Amino acid sequence: MKLNDSVIKFLKARGVAEVGFADLTDFPEFGYASAVVFYIPAPKVMIEAIDTRDVKTRGEYYNRMNKFLIRTAKDLSKFLKENEYSSLAITHDTKWVKGDKRIKRPPLKTLATISGLGWIGRCGLLVTKKYGNALRLGAILTDATFEYGKPMVKSLCGKCMECCTICPAQTITGIAWDPSKKNIYDPDGCRKIRRDETFCSRCIYVCPHTQKYLNKLDEGLFVDTQYMLDHLKNGTPVDSADIVDSLDK
């Protein structure tokens, strides 16, 4: 079995929705040859909580998703080390050294675009055709090599300006992303409105791709991740086998 297939099987058995492989040859500052990037989509109840301003529900599932992704990254890193590949999970408590050398922490969104999982929307969030920007990312760095995805090098937002229009702080410039553009939105202004309004995230709710994802949930074409997130034990789904196939529809 190819290493790509082994990693995908490992992650999907834990409930991950999509997996990407990033070639980091052109990014020596990250210290490793490759990154494995993965994500889970947000449950419907969490997305709807953005619209209804239900801060408690929004925060609860945000934390559950983070807990799942951190545990999964650590498990994958351990799996690769057991197969004699150096590996580093990207988490809140990662020590950014390799041997005696300091390395740079890579943005998860950057790794995702290099792996081909999606593009950066005008709002500065990763966007995918399947789930919009209603998702959370996890990743590991490794010296294992893979068959890599094709990097995304341009926005697929087209003429859509929904996130620009809805932003209460008007922090989104409206400039379409590509890897050379660094200031498509004002992160300080975004952080301030999130503090003042507690989990703003309106740009997630209004994204047309997110709305398509919600419609597919309503039509039964996707199975909601709420079941998985409601049955976490130490960051791992209790009955992960029950949701693996459904997340891959």
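Two strands count as paired if DSSP finds at least two bridges between them, and strands (E, at least two residues) as well as helices (H or I, at least four residues) are DSSP runs numbered from the N terminus. This is a predicted model, in which local features need pLDDT of at least 70 and side-chain atom pairs count only at pLDDT 80 or more, while totals for chains, interfaces and linings use all residues. Residues are numbered from 1 along each chain as its sequence is written, and side-chain values use heavy atoms, with hydrogens and water left out.

**The sheet**

Strands of a sheet pair through backbone hydrogen bonds, either parallel or antiparallel. Here an open sheet of 4 strands has the order S1-S2-S8-S3, and its pairing is antiparallel. Because S1 and strand S3 (87-89) stand at the edges with a single partner strand each, one side of each is left without a neighbour in the sheet. The pairs are listed below.

| Strand pair | Bridges | One bridge pair |
|---|---|---|
| S1 (residues 18-23) and S2 | 6 bridges | glutamate 18 and tyrosine 39 |
| S2 and S8 (residues 135-142) | 8 bridges | isoleucine 40 and arginine 136 |
| S3 and S8 | 3 bridges | leucine 88 and leucine 141 |

Helix H3 packs on this sheet and touches S2, S3 and S8, and its direction makes about 20° with that of S8; such angles run from 0 to 180 degrees between N-to-C directions, with axes being lines fitted to C-alpha atoms, for helices over the stretch in contact.

Strand S2 (residues 34-41) is mostly covered, since 8 of its 8 residues are buried, where buried means under 20% relative accessible area, exposed over 50% and partly exposed in between (1.4 Å probe, protein chains only). Ser34, Val36, Phe38 and Ile40 point one way from S2, whereas Ala35, Val37, Tyr39 and Pro41 point the other way.

**Helix H2**

In helix H2 (residues 44-52), the buried residues are Met46, Ile47, Ala49 and Ile50. They lie on the same side of H2 because they cover an arc of only 155° around the axis, an arc taken from the directions from the helix axis to the C-beta atoms. These buried residues pack against helix H3 (55-82), helix H7 (202-206) and helix H8 (208-218), with contact meaning heavy atoms within 4.5 Å. Just after H2, arginine 53 takes a positive phi of about 60°.

**The cysteines**

The structure holds 0 disulfides, a disulfide being a pair of cysteine sulfur atoms within 2.5 Å. For cysteine 160, the nearest cysteine sulfur is that of cysteine 157, 6.4 Å away.
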